[in-house]
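Let's take a walk through a protein model together. Have the sequence and the picture open side by side, and look things up as you read.

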Amino acid sequence: MTASSLFLSNLMQLRSAVLRSALGFLIAMIVIFPFMDEIFNFACTPLLSALPKGTSLLAVGVVSPVMGPLRTVLFAALILSLPWILLQIWYFVAPGLYQKSAVKPRASARGYKAPNRGYSGFQCIV
């Protein structure tokens, strides 16, 4: 394979990983969207309990009543789809780590004893 075809192949794999991640986020958002009011009320409960009695949240801008719950849904969809997005990142990065790499991580119970050889139980084999 030439360098340009290898680059284009990696670019196509990156494109498909980004599209699968976006599709997972979109599916999570569609699943969560019907529960927008419940999620927003759950997220605002600590704030509302700290306000004085008889007061409520005030919408300062014209789109604030819509954007607050929508941002909460988007953030909840991101949290829900994060394992899928991280898996897609791993599927893209993992083949390049082990095929021609000189340093391969290996789990070890004694890795924490040698401070220059690893971090949190992983050693590097050179």
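What follows goes from the whole chain to its helix pairs and then to a few single residues.

## The whole chain

Keep in mind that this is a predicted model. The chain holds 3 helices and 3 strands. If you start at the N terminus and read along, the elements come in the order α-α-α-β-β-β.

How much of the chain is buried? Of its 126 residues, 15% fall into the buried group. Now think about contacts between residues with a separation of 6 or more: 51% of these join residues that sit 24 or more positions apart.

## H1 and H3

Let's look at two of the helices. H1 covers residues 3-32, and H3 covers residues 64-98. Their axes are 8 Å apart, and the two helices pack at an angle of about 155 degrees. Anything over 145 degrees counts as roughly antiparallel, and therefore H1 and H3 get that label. The crossing of H1 past H3 is right-handed.

Which residues meet here? On the H1 side you'll find, among them, Asn10, Leu14, Ala17, Arg20, Ser21, Gly24, Phe25 and Ala28. On the H3 side the list includes Val73, Ala77, Leu78, Ser81, Trp84, Ile85, Gln88 and Phe92. Sorted by class, the contact between H1 and H3 has 15 nonpolar, 6 polar and 1 charged residues.

## H2 and H3

H3 also packs with H2, which covers residues 36-50. This time the angle is about 90 degrees, and the axes are 9 Å apart. Angles from 65 to 115 degrees count as roughly perpendicular, so that is how H2 stands to H3.

From H2, the residues making the contact are Met36, Ile39, Phe40 and Ala43. From H3, they are Gly68, Pro69, Leu70, Thr72, Val73 and Ala76. By class, that contact of H2 with H3 has 8 nonpolar residues, 2 polar ones and no charged ones.

## Three serines

Now zoom in on some serines, beginning with Ser5 in helix H1. Is Ser5 buried, exposed or partly exposed? Its relative accessibility is 28%, so Ser5 counts as partly exposed. The side chain of Ser5 reaches the backbone oxygen of Thr2 at 3.0 Å.

Ser21 is in helix H1 too. Being buried means having under 20% relative accessible area, and Ser21, at 12%, therefore counts as buried. Leaving out residues up to four places away in sequence, Ser21 touches Trp84, Ile85 and Gln88. Those three are on the H3 side of the H1 and H3 contact. Over in helix H3 is Ser81, which is buried with a relative accessible area of 3%. A polar atom of the Ser81 side chain lies 2.8 Å from the backbone oxygen of Ala77. With residues up to four places away left out again, Ser81 touches Gly24, Phe25 and Ala28, and those partners are in H1.

## A stop in the loop

Last, find Leu51, in the loop between H2 and H3. At 28% relative accessibility, Leu51 counts as partly exposed. Which residues does Leu51 contact, leaving aside its neighbours within four places in sequence? Leu51 is in contact with Ser56 and Leu57.

Terms used
Residues numbered from 1 in each chain as written. Predicted model: local features only at pLDDT ≥ 70, side-chain atom pairs only at ≥ 80, totals over all residues. Heavy atoms only, no water. Helix = DSSP H or I, 4+ residues; strand = E, 2+ residues; numbered from the N terminus. Buried < 20%, exposed > 50% of the residue type's maximum accessible area, 1.4 Å probe, protein only. Polar contact = N/O pair within 3.5 Å; in protein donor to acceptor, adjacent residues only side chain to side chain. Axes fitted to C-alpha atoms, helices over the stretch in contact; angles between N-to-C directions. Parallel < 35°, antiparallel > 145°, perpendicular 65-115°, else oblique. Left-handed = near helix turned anticlockwise from the far one by under 90°. Contact = heavy atoms within 4.5 Å. Nonpolar A, V, L, I, M, F, W, Y, C, P; charged D, E, K, R; others polar.
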